[in-house]
Amino acid sequence: MSKFEVIMPNVIAEQPIKGATESFEWLTDIIESRDGREHRVMLRSLPRVTLVYSFIAHPHNRNYYLNLLRNNLTDIWLIPNWLRAVYVGRINKGTTIVENHFDNHTGDNLLIYQDSTKNEVAKWLRASEKKSLEFVFHNERQPKLEFIFSNPTDDGKLGLSPTTNDYQAAYLLLLQKCYLNNAAYKTSGFDAQVDVTLEVVEPPIYREPTIPKNIYLDIEVLHNNYGVNESVLNKDIDIVDYGMGKITRIDRWERTKQSRSINFYLDGFDEIKKFKEFIYRRAGSLNPFWLCDGDVNICGKVRGNQIIIRDSHYDDLPSFKYLSLFHDNAISYARIISVSNSAHSNIIITIDKTIEQPVNKISFMMLCRFNTDKVQIEYDTNQQAKSDIPVIEVFDDQYF
């Protein structure tokens, strides 16, 4: 076997079979009032991250993995982040890689991988801080100071420890520390399939203040283009049977909440990363957001702060308070002030702002939160993933 057996024995360096699942679980205390308002308390600042996947241990390393799992099950393991694999091409024995692909820090472990018979763990030897070029004054007595910039020394460029194998087509992967919850395997006599459940020791933080996002009334807006709108109305009603056949209905909320599930279909690392950033900003069921869907093409005119619709099926608009207005190259948000019928049987929506751009379509917005503290992402091996998250309405009058 390769170098990683000696330096870091607890490394699973086999690609997962299709169907890996990553779970993020927060802890939120939800305290509901009689009318359905909520007070939420965050009990866990970062989520517990769990990975569940399977890999094939081929005959040349099957016994090696089984011995590792039998003898080191309670130790710390290193698991490659396969989704962020970087192709670095051919690497000859003894080569030192300089480019910092993952914003590594001193001591980080990286996996160099080509196939299951040739791989090794190498350490990052230099911190990732970006230091400015050194400069010196050329002549302080000159009216205009001249600066001479010096390039970093060869030692300053040192990155990854030298490799011990030759690779025709190598990939570089970041290794993350995990604990094994459990492991199971099955074999037909040759290859063995190993199923593992792992807890990530130090989950990454997907919180970037520079991420562009839509905001309305200081709350993020999600434009849902991911699935069918299938909603459920719930008033949290208990039917109590006292043992004599007589039942009593107890209404825990004075008002009705709307709930549904959102299906996210993610294609490529960028979309998956943005989705993780979104769920980290939500912190499980803690933080609310605007859910904007049900886009409807309007047939009418916009005059100042009024939207005129020539269709009577919009009679139910008073049940919605907030709208998204889609223009040619922009989106704006508004609050509905009133809805009325004109003399020509048109619907007139009066909003709280004057619109100067043409409006192509409108969409209703609902203030909601995740209805779960556990968010799961199901991956394929080709950087495609999906996630199904239940959400529930929260009442805007506790915010505005």
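Residue N109 belongs to strand β7, which covers residues 109-115. In this predicted model, N109 counts as buried because its relative accessibility is 11%, and the cut-off for buried is under 20%. The side chain of N109 is engaged in a polar contact with the side chain of K123, at 3.0 Å.

**The chain as a whole**

The protein chain contains three helices and 27 strands. It has 400 residues, of which 41% are buried. Among its contacts with a separation of 6 or more, 71% are between residues 24 or more positions apart. The accessible surface of the protein chain amounts to about 22,500 Å², and carbon and sulfur atoms account for 49% of that surface.

**Salt bridges**

How many salt bridges does a search of the whole structure find? The search finds 12. Three of them are listed here with their N to O distances.

| Salt bridge | Closest N and O atoms |
|---|---|
| E38 and K257 | 2.6 Å |
| R48 and E199 | 2.8 Å |
| R282 and E220 | 2.9 Å |

The side chains of E38 and K257 meet in a salt bridge. This pair links distant parts of the chain, since E38 sits in strand β3 (residues 38-42) and K257 in strand β18 (residues 257-267), 219 residues apart. Both E38 and K257 are buried.

A salt bridge also joins the side chains of R48 and E199. Here the link runs between strand β4 (residues 48-57), which holds R48, and strand β12 (residues 192-200), which holds E199; the two residues are 151 residues apart. R48 is partly exposed because its relative accessible area is 44%, whereas E199 is buried because its relative accessible area is 12%.

The bridge between R282 and E220 involves a helix and a strand. R282 lies in helix α3 (residues 269-282) and E220 in strand β14 (residues 219-223), so the pair ties together parts that are 62 residues apart in sequence. Both R282 and E220 are buried.

In addition, a network of salt bridges links D35, R37, R255 and D397.

**Around strand β2**

L27 is placed in the loop between β1 (21-25) and β2 (28-32). L27 counts as partly exposed because its relative accessibility is 36%. Together with I31, V41 and L43, L27 makes a nonpolar surface patch of about 330 Å².

T28 is found in strand β2. Is T28 buried or exposed? T28 is buried because its relative accessible area is 12%. The C-alpha atoms of T28 and V41 are 5.6 Å apart, although the two residues are separated by 13 residues along the chain. Leaving aside residues up to four places away in sequence, T28 touches R40, V41, A283, S285, L286 and D373.

**The loop holding T372**

T372 is located in the loop between β25 (361-370) and β26 (374-379). A polar atom of the T372 side chain lies 3.0 Å from the backbone nitrogen of K374. With residues up to four places away in sequence left out, T372 touches G284, S285, I389 and P390. S285 is also among the residues touched by T28.

**Cysteines**

A disulfide is a covalent bond between the sulfur atoms of two cysteines. How many disulfides does a search of the whole structure find? The search finds zero. C178 counts as buried because its relative accessibility is 0%, and C368 is buried because its relative accessible area is 0%.

Conventions:
Residues numbered from 1 in each chain as written. Predicted model: local features only at pLDDT ≥ 70, side-chain atom pairs only at ≥ 80, totals over all residues. Heavy atoms only, no water. Helix = DSSP H or I, 4+ residues; strand = E, 2+ residues; numbered from the N terminus. Buried < 20%, exposed > 50% of the residue type's maximum accessible area, 1.4 Å probe, protein only. Polar contact = N/O pair within 3.5 Å; in protein donor to acceptor, adjacent residues only side chain to side chain. Patch = residues over 30% accessible without salt bridge, like charges linked within 9 Å, V, L, I, M, F, W, Y side chains within 5 Å. Areas by Shrake-Rupley, 256 points an atom, 1.4 Å probe, with all protein chains shown as cover. Salt bridge = Lys/Arg side-chain N within 4 Å of Asp/Glu carboxyl O. Disulfide = S-S within 2.5 Å. Contact = heavy atoms within 4.5 Å.
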